[in-house]
Amino acid sequence: MNTNPISPRAGAVAGIIGSIAFASLWMAAAYLDCNWVLGKMTLSELGGSGRPGALLFDLGAMIAGAASLIFSAGLYRVLSTSALGRVGSATLALASVLLIGVGVFPIDTGAPHTFTSLSFFFLSAVAMAVLIVPVWRSHVLHGSGGLLTAVMLLVSLTGVATLEVPAAEALAVGCLLLWTVLIGIRVLWHHPGARS
């Protein structure tokens with residue numbers, strides 16, 4: 001018996017809206033903060049106390065985390081026939097909770113922020129690595145979805161290996177946002193129950 005109340009359609013819509021909301025609030029916070037420089041400062045610095053766009057950035061992280069939690073539940077439904085799919089979706093859900101924590105514990109809080117932020121990035125990478133095969137084999141997400149997952153993870157890891165931390169972080173976040181939107185669109189178009 002399936003006790004997950006989140007439909008694939010609801011999850012997909014939440015993921016798309018959450019990603020767009022975070023990107024918009026991130027840009028708005030950066031616009032308000034004339035001292036923040038993309039690639040030279042971490043995203044979290046936008047959320048520090050006293051920064052002009054702090055409320056927008058921290059709110060964006062919480063909204064994106066909550067939306068990603070719903071997205072993960074919908075993805076779990078899509079990939080529930082695969083053990084790896086269930087594990088990957090659950091790991092992504094845990095990363096989503098940690099993203100909420102990034103907004104709740106801004107950079108000024110020190111250790112709580114460092115823990116939630118690093119744990120979020122680590123678990124997001126683990127989730128994407130675990131999801132490559134089940135997404136590839138899914139009749140809904142197709143091989144193209146698996147390839148997208150692998151490429152986004154590879155680009156992110158390459159950034160971590162070759163770029164300074166602020167630039168690598170921005171690249172990884174951008175890849176995760178793009179992946180969520182494209183996977184969400186794929187679910188909306190191809191899941192048998194998405195349009196019911």
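What is the volume of the largest cavity in this structure? Please keep in mind, as I go through the answer, that what we are looking at is a predicted model, and that every value I quote has been computed from it.

The largest cavity has a volume of about 340 Å³, and it is one of 2 cavities of 30 Å³ or more that a search of the whole structure finds. There are 27 residues in the lining of this largest cavity, and those closest to its centre are A64, L99, F120, L176 and L177. If you want to find the surrounding walls on the screen, follow α1 (8–32), α2 (54–78), α3 (83–104), α4 (111–137) and α6 (165–190), each of which supplies at least two residues of the lining. As for the chemical character of that lining, it is made up of 17 nonpolar, 9 polar and 1 charged residues.

Let me turn to the second largest cavity, which holds about 40 Å³ of space. Its lining consists of P8, G11, A12, F71, G74, L75, V78 and V187, and the elements that give two or more residues to it are α1 and α2. Of these, α2 provides the largest share, with 4 residues. By class, the lining of this second cavity divides into 6 nonpolar and 2 polar residues, with no charged residue among them.

From the enclosed spaces I move to the open ones, and here the question is which helix gives the most to the lining of the largest pocket. The space in that pocket comes to about 490 Å³, and of the 25 residues that line it, F121, V160, A168, E169 and A172 are the closest to its centre. Helices α4, α5 and α6 each supply at least two residues of the pocket lining, and it is α4 that gives the most, with 10 residues. The residues of this lining divide into 16 nonpolar, 7 polar and 2 charged.

Next, the aromatic side chains. The count comes to 4 aromatic pairs, and the one I would like to show you is F22 with W26, whose ring centres are 5.9 Å apart and whose planes meet at 45°, so the pair is described as tilted; the cut-offs behind that word are under 30 degrees for stacked and over 60 for edge-to-face. These two residues are 4 apart in helix α1, and are therefore separated by about one helical turn. Both F22 and W26 are buried, and together with F57 they form one aromatic cluster.

What about charged contacts, and how many salt bridges does the structure hold? The structure holds 1 salt bridge, formed by D33 with R51, with the closest N and O atoms 2.6 Å apart. D33 and R51 are 18 residues apart, and each of them lies in the loop between α1 and α2. The two partners are placed rather differently with respect to solvent accessibility: D33 has a relative accessible area of 1% and is buried, whereas R51, at 23%, counts as partly exposed.

While we are in this part of the discussion, I should mention the cysteines, where the number of disulfides is 0. C34 has a relative accessibility of 72% and so counts as exposed, while C175, at 6%, counts as buried.

One backbone detail deserves a careful look when you have the model open, and it concerns H142. As background, most residues other than glycine have a negative phi. The phi of H142, however, is near 70°, which is a positive value in a residue other than glycine. H142 lies in helix α5, which covers residues 142–162, and with 43% relative accessibility it counts as partly exposed.

Finally, a point of orientation in helix α2, where A54 lies. Is A54 buried or exposed? With a relative accessible area of 11%, A54 is buried. Its C-alpha atom is separated by 20 Å from that of V97, a residue 43 positions away along the chain.

To leave you with one picture to take back to the screen, the largest cavity of this predicted model has A64, L99, F120, L176 and L177 closest to its centre, whereas the largest pocket has F121, V160, A168, E169 and A172 closest to its own.

Key
Residues are numbered from 1 along each chain as its sequence is written. This is a predicted model: local features need pLDDT of at least 70, side-chain atom pairs count only at pLDDT 80 or more; totals for chains, interfaces and linings use all residues. Side-chain values use heavy atoms; hydrogens and water are left out. On a 1 Å grid over the protein atoms alone, a cavity is a set of points where a 1.4 Å probe fits but cannot get out, and a pocket is an open set with protein on both sides within 12 Å along at least five of seven lines; lining residues have an atom within 4 Å of a point. Grid points are joined across faces, edges and corners, and a volume is the space filled by probe spheres set on the points. Ala, Val, Leu, Ile, Met, Phe, Trp, Tyr, Cys and Pro count as nonpolar, Asp, Glu, Lys and Arg as charged, and the others, Gly among them, as polar. Rings of Phe, Tyr and Trp (its six-membered ring) pair if their centres lie within 6.5 Å; planes under 30 degrees apart count as stacked, over 60 as edge-to-face and the rest as tilted. Buried means under 20% relative accessible area, exposed over 50%, partly exposed in between (1.4 Å probe, protein chains only). A salt bridge is a side-chain nitrogen of Lys or Arg within 4 Å of a carboxyl oxygen of Asp or Glu. A disulfide is a pair of cysteine sulfur atoms within 2.5 Å.
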